[in-house]
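Got a minute to look over a model with me? Pull up the chain in your viewer and keep the sequence handy.

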Amino acid sequence: MPAPSTAQPRLTDAQLAAYQRDGYLAVENLLSAAEVDALGSRLREYTHGGRDTKGLAIQVEPRVQRGELKVDHPGDGIRKIDHLIENDDLFRKLGTHPNIVGVVEQILGPDLAMFRNALLLKPPGVGSPKGMHQDSPYWPIEPMSLCSCWFAIDDATPENGCMGVIPGWHTKGALPHKHVTDDFVIEESAYRFDDMVLAPLKAGGGLFFHSLLPHYTAPNRSARWRRAIALSYMSSRSKFTGTTEGPEFLTIKGRRFPGCVR
Ligand SMILES: O=C(O)CCC(=O)C(=O)O
């Protein structure tokens with residue numbers, strides 16, 4: 001990454017209280033413009049430049065995959081890329097960046113592991129919606145109190161699919177979800193879509209949010225890309241609740257504990 005970032009931000013008591021109350025908090029300017037540009041260029045090498053994608057898991061937009069929607073370049077049809085933090089030096093620096101980890105540490109404490117990292121792409125005119133959902137019901141981790149930093153690589157706006165959230169609903173526990181075409185969403189009877197507020201974000205900012213906070217993103221109806229990476233952290237005291245002992249999660253900071261996530 002080129003130029004060093006600005007000083008490590010620390011949440012004020014008021015910001016921390018807002019996160020606890022609302023279940024999310026936007027923090028702008030986590031990285032410099034040069035750092036964000038470097039991430040965007042690296043990403044473009046993966047999607048359009050033929051850079052080796054070994055180790056990455058790439059998901060194509062379902063409508064493109066099914067041949068219902070044509071794109072000029074295969075890179076214009078990508079919806080999601082997993083495991084960049086494990087496989088790419090620039091993205092590894094992002095996932096362990098003190099400006100991001102410092103905030104997460106204030107929320108979750110000093111012992112941190114990464115549960116997942118997913119680059120979420122909404123190509124112009126192609127990016128489809130992500131229905132209203134909570135993350136924890138998808139994830140085999142207890143307690144259901146992970147914290148994600150949804151880091152904007154492009155400006156995220158209402159037109160290109162910024163995040164929308166239902167403030168305060170992280171306190172309501174796991175809501176009923178159902179499978180629909182290409183998605184897993186909260187049952188309509190369990191919430192009111194009109195209670196959602198949009199959270200636009202400038203490139204280089206992060207939306208920190210609780211894993212039980214309902215969230216949604218609209219399709220990208222604009223002419224501008226919307227690229228963001230969801231960095232999801234958990235306390236190293238968390239338990240894996242799947243049927244196996246679970247994968248080895250990346251240590252971000254601090255100690256690991258016997259009987260907890262590996
Ligand atoms: O970026 C998106 O479009 C969806 C993000 C999301 O659902 C998540 O980070 O859990």
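Here is an informal walk through the model, from confidence to ligand, sheet, loops and long-range pairs.

## How far to trust it

Keep in mind that this is a predicted model. The protein's mean pLDDT is 95, with 97% of residues at 70 or more. One stretch to treat with care is residues 2-6, where the pLDDT is below 50. Beyond near neighbours in sequence, that stretch has 12 contacts in the model.

## Around the ligand

Which residues surround the ligand? The shell consists of L120, K130, D135, S148, W150, G161, H215, T217, A228 and A230. Sorted by class, that gives 4 nonpolar, 4 polar and 2 charged residues. Strand 7 (147-152), strand 13 (215-217) and strand 14 (226-235) each put at least two residues into this shell.

## The four-stranded sheet

Strand 13 also belongs to an open sheet of 4 strands, ordered 5-13-8-11, with antiparallel pairing. Strand 5 (130-133) and strand 11 (197-199) are the edges: each has a single partner strand, so one side of each has no neighbour in the sheet. From one strand to the next, the twist averages 25 degrees. As a reminder, strands of a sheet pair through backbone hydrogen bonds, either parallel or antiparallel.

Zoom in on strand 8 (residues 163-165) and strand 13: they run antiparallel and are joined by 3 bridges. Here V165 has H215 of strand 13 as its bridge partner, and H215 is also one of the residues around the ligand.

## A hairpin worth a look

Strand 9 (177-180) and strand 10 (183-186) are connected by a loop that holds D182. The two strands pair in the antiparallel sense over 4 bridges, and V180 stands opposite D183 of strand 10. This hairpin has 2 residues between its strands, and D182 takes a positive phi near 65 degrees there.

T181 sits in that loop too. How do the two compare for exposure? T181 has 6 C-beta neighbours inside 10 Å and therefore counts as exposed. D182 has 15 such neighbours, so it counts as partly exposed.

## Other backbone oddities

N29 is another residue other than glycine with a positive phi, in this case near 55 degrees. You'll find N29 in the loop between strand 1 (24-27) and helix 2 (33-48). Because N29 has 16 C-beta neighbours inside 10 Å, it counts as partly exposed.

Where is there a cis peptide bond? It joins E142 and P143, with omega at about -5 degrees. P143 lies in the loop between strand 6 (141-142) and strand 7, and strand 7 is one of the strands that supply residues to the ligand's shell.

## A largely enclosed helix

Why call helix 6 (residues 98-108) largely enclosed by the rest of the structure? Because 8 of its 11 residues are buried. The buried residues are N99, I100, V101, V103, V104, E105, I107 and L108. Helix 6 is followed by G109, which has a positive phi near 100 degrees.

## Pairs far apart in sequence

Some residues are well separated along the chain, and the table lists their C-alpha to C-alpha distances.

| Pair | Apart in sequence | C-alpha to C-alpha |
|---|---|---|
| T181 and P62 | 119 residues | 9.7 Å |
| K80 and L231 | 151 residues | 13 Å |
| K239 and P143 | 96 residues | 7.2 Å |

Start with K80, which is found in strand 3 (residues 78-82). K80 is partly exposed, with 15 other C-beta atoms within 10 Å. Leaving aside neighbours within four places in sequence, K80 is in contact with Q59, A118, L119, L120 and L121. One of those contacts, L120, is also part of the ligand's surroundings.

K239 lies in strand 15 (residues 239-240). K239 is partly exposed as well, with 14 other C-beta atoms within 10 Å. Not counting residues up to four places away in sequence, K239 touches E142, C260 and V261. So the cis bond comes up again here, because E142 is joined to P143 through it, and P143 is the residue that pairs with K239 in the table, at 7.2 Å.

Definitions and conventions:
Residues are numbered from 1 along each chain as its sequence is written. This is a predicted model: local features need pLDDT of at least 70, side-chain atom pairs count only at pLDDT 80 or more; totals for chains, interfaces and linings use all residues. A residue is near a molecule or strand if its C-beta atom, placed from the backbone, lies within 6 Å of it. Ala, Val, Leu, Ile, Met, Phe, Trp, Tyr, Cys and Pro count as nonpolar, Asp, Glu, Lys and Arg as charged, and the others, Gly among them, as polar. Two strands pair if DSSP finds at least two bridges between them. Axes are lines fitted to C-alpha atoms, for helices over the stretch in contact, and angles run from 0 to 180 degrees between N-to-C directions. pLDDT is the predictor's confidence in each residue, from 0 to 100. Two residues are in contact if their C-beta atoms, placed from the backbone, lie within 7 Å. A residue is buried if 20 or more other C-beta atoms lie within 10 Å of its own, exposed if 12 or fewer, and partly exposed in between; C-beta atoms are placed from the backbone.
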